[in-house]
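Hello,

Here is the structure we talked about handing over. Please have a look at it first, then read the notes below.

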Amino acid sequence: MRFIRFFLEISWQTILIATITGFLSGGGNAVLISLINRAVNQAALPNALYYFIGLTIFTLLTSVVSQFMLINLSQNAIYQLRLRLSKNILSSPLHHLEKLGNNRLLATLTDDIRVLSHAVSTIPNICIDLATVVGCLAYLSWLSNSLFVLAIFFTSIAIACIQTRLNKARHLFATAREEDDNLFKHFQAITTGIKELKLHKSRREDFLSKKLQGSAAKLHQKNSKAMKSFAVANGIGQFSQFTSLGFVLFVLPWFMYIPMPMLSTYVLTSTFIALPMQNLLTRLPDLMCGNIALQKIERMKLSLTNQAEFDNVDSEISNSCQLELDEVTYLYQPNKEENEFHLPQPHFNRNQPMHSLDIAEKGFLLGPISLSFQSGEITYIVGGNGSGKSTLAKLIAGLYTPHGGSIYLNQAPITDRNREWYRQHFSAIFSDFYLFDRCLGFNHANLDREVEGYLKQLQLDRKVQVKNGILSTTRLSQGQRKRLALLTAYLEDRPIYLFDEWASDQDPYFRELFYKEILSKLKERGKTVLVITHDDRYFHLADRIVKLDYGKVEANYTPIANLRSKPLV
Ligand SMILES: Nc1ncnc2c1ncn2[C@@H]1O[C@H](COP(=O)(O)OP(=O)(O)OP(=O)(O)O)[C@@H](O)[C@H]1O
């Protein structure tokens, strides 16, 4: 089982010690049952009470040691897995994460890890139960070879019958897990689309009946079928135990003489084994689901690790930036269901121009685009909806890797090796930005005072306070949230600033302030400023305007108001 291999790989030494102590505990159980048998058959050893007390303490201690070791190992493994998976996600390229989808990432991070963690917590008890069963069988073999062979015979038949049920259950659990990804997608739709669903009764009912209920029902059917398979397997296990007991008690005495003490010992031992056997069977579904969850986690991890980016920042961050895009292209694949773990690499030959029909079939193509940006310059990136402005912004910021062409920063070509360094030059506020409730990644001595100053400037000081870098709230209006995001950008003080429709949620006062003061102050400080905007009232304030249309640069010009001061680039 992959599950066991996973733990052996983490620390086979711990597993070995825990298994030995587990088996010692199980062996102790078996010896205890032999002591009890002797006492029942009035053949107790002298000092049997001391043996009994000693053995009870021995089995208890070995069982606790075994459980402690396995609990430490398993919980540590889960802890490491959570961290590693989160790091893998953080080091994966954005386009890869977008293709995998939030629902799959969330299902693995939450559900799979929870299922695995639950399965792992059953391992210590499984070891003890297994050891008890093996110990008792060993005791039976010492007692009577023929009784032992009989016990093994009935157990083997039971295992063979149970196995067929388990194979069926394994398949059902695996397909149910695939449905889990869809269910997570619907849960996301509930949380993010709650307003739209609340406002429209028919939409809500349609969503519930056609989407959520469908997925939940499939999951319910598959899981119940699998659990029923286990119930049948459990029944087979119990049936085989009673059959073997009945056979030995009522049928075997017709064919051979079995002394009464041996018969009663067999009955007592079989009854003693029954509980750990039942425990093993009832824990099998957890183990099986854990195994499936682990497979999912490992596939996700493999998919993420295969795509992992270098995260070293070897060189200094330059203050003055000359940014160049040379024939850069980026292609979104068409929106079809793709195999999540074998994503095709885009292959685009920039010497072969793509026609609109090709693009319609193949998705959206940005570029080829050649542009350059200087320090102390404000460039507006404009164009209609869907013209490719945000895609270009993500390319420029190094969040997307160009499929063709090259990006240069101060003449250095940006490659996989220095992309992390390159990204550290950017402070960006995207239209779908996220606001952290604390100022992460800053070690300023007077951080709180600096933040308070910016809060005042951005007129947020009456809404938000800061203490030890923690913001009192982020529950603000969209415009206020964007101002708070701007505060973080100020703190970062990076050479290139990128704003994706920042002003679209601001009131006229702040809109004016943004275009006329905030941007020009950044320019005065020698920053390269890129602004995605639809606000044509302020176009004259730009040093340069880049207009996109269907993924191509339609125009690249200096606005008339600035013509006298700046030549066309
Ligand atoms: N993650 C994605 N996967 C596939 N296609 C995408 C993705 N993001 C954007 N697109 C496609 O790329 C095209 C350009 O989108 P982009 O968001 O860059 O446009 P935009 O100019 O910023 O639009 P807007 O002004 O509406 O914000 C769109 O046609 C869109 O369908």
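**The four-stranded sheet**

Strand 1 (residues 323-332) pairs with strand 2 in the antiparallel sense, over 7 bridges. Please keep in mind that this is a predicted model.

Two pairs of residues help you find this pairing on screen. Tyr 330 has Leu 366 of strand 2 as its bridge partner. Leu 331 stands opposite Leu 365 in strand 2.

Strand 1 also pairs with strand 4. These two strands run antiparallel and are joined by 5 bridges. Look for Leu 325 here: Ile 407 in strand 4 stands opposite.

Now the whole sheet. It is open, has 4 strands, and follows the order 2-1-4-5 with antiparallel pairing. Strand 2 (364-373) and strand 5 (412-413) are the edge strands, and each pairs on one side only. As a general point, strands of a sheet pair through backbone hydrogen bonds, either parallel or antiparallel.

**The six-stranded sheet**

There is also an open sheet of 6 strands. Its order is 6-9-10-3-11-12, and the pairing is mixed. Why do strand 6 and strand 12 each have one side without a neighbour in the sheet? Strand 6 (426-429) and strand 12 (552-557) stand at the edges and have a single partner strand each, so one side of each stays free of a neighbour in the sheet. On average, neighbouring strands of this sheet are turned by 15 degrees against each other, direction ignored.

Both senses of pairing can be found here. Strand 3 (residues 377-383) and strand 10 (residues 528-532) are parallel, with 5 bridges between them. In that pair, Ile 381 stands opposite Ile 532 in strand 10. Strand 11 and strand 12 run antiparallel, and 5 bridges join them. There, Asp 549 stands opposite Lys 552 in strand 12.

Strand 11 and strand 12 also form a hairpin, with 2 residues between the strands. Tyr 550 in this hairpin takes a positive phi near 45 degrees.

**Helix 10**

One helix touches on both sheets. Helix 10 (residues 389-396) lies across strand 1, strand 2 and strand 4 (404-409). The helix runs at about 125 degrees to strand 1.

Helix 10 also lies across strand 3, strand 6, strand 9 (496-500), strand 10 and strand 11 (544-549). Its angle to strand 3 is about 140 degrees.

**The ligand**

Which element gives the largest share of the shell around the ligand? Helix 10 does, with 3 residues.

In total, 13 residues surround the ligand. The closest are Asn 385, Gly 386, Lys 389, Ser 390 and Thr 391. By class, the shell has 8 polar, 3 charged and 2 nonpolar residues.

Three contacts are worth finding on screen:

- Gly 386: a backbone N or O atom lies 2.9 Å from an oxygen atom of the ligand.
- Tyr 332: an N or O atom in the side chain is 3.3 Å from a nitrogen atom of the ligand.
- Glu 98: a polar side-chain atom lies 3.4 Å from a nitrogen atom of the ligand.

How much of the ligand does the protein bury? Taken alone, the ligand exposes 630 Å², and the protein buries 62% of that.

To find your way, begin at helix 10. This helix lies across strands 1, 2 and 4 of the four-stranded sheet. Helix 10 also lies across strands 3, 6, 9, 10 and 11 of the six-stranded sheet. From there, go to the ligand, where helix 10 provides 3 residues of the shell.

Best wishes

Notes: Residues numbered from 1 in each chain as written. Predicted model: local features only at pLDDT ≥ 70, side-chain atom pairs only at ≥ 80, totals over all residues. Heavy atoms only, no water. Pairing = 2+ DSSP bridges. Contact = heavy atoms within 4.5 Å. Axes fitted to C-alpha atoms, helices over the stretch in contact; angles between N-to-C directions. Near = heavy atom within 4 Å. Polar contact = N/O pair within 3.5 Å; in protein donor to acceptor, adjacent residues only side chain to side chain. Areas by Shrake-Rupley, 256 points an atom, 1.4 Å probe, with all protein chains shown as cover. Nonpolar A, V, L, I, M, F, W, Y, C, P; charged D, E, K, R; others polar.
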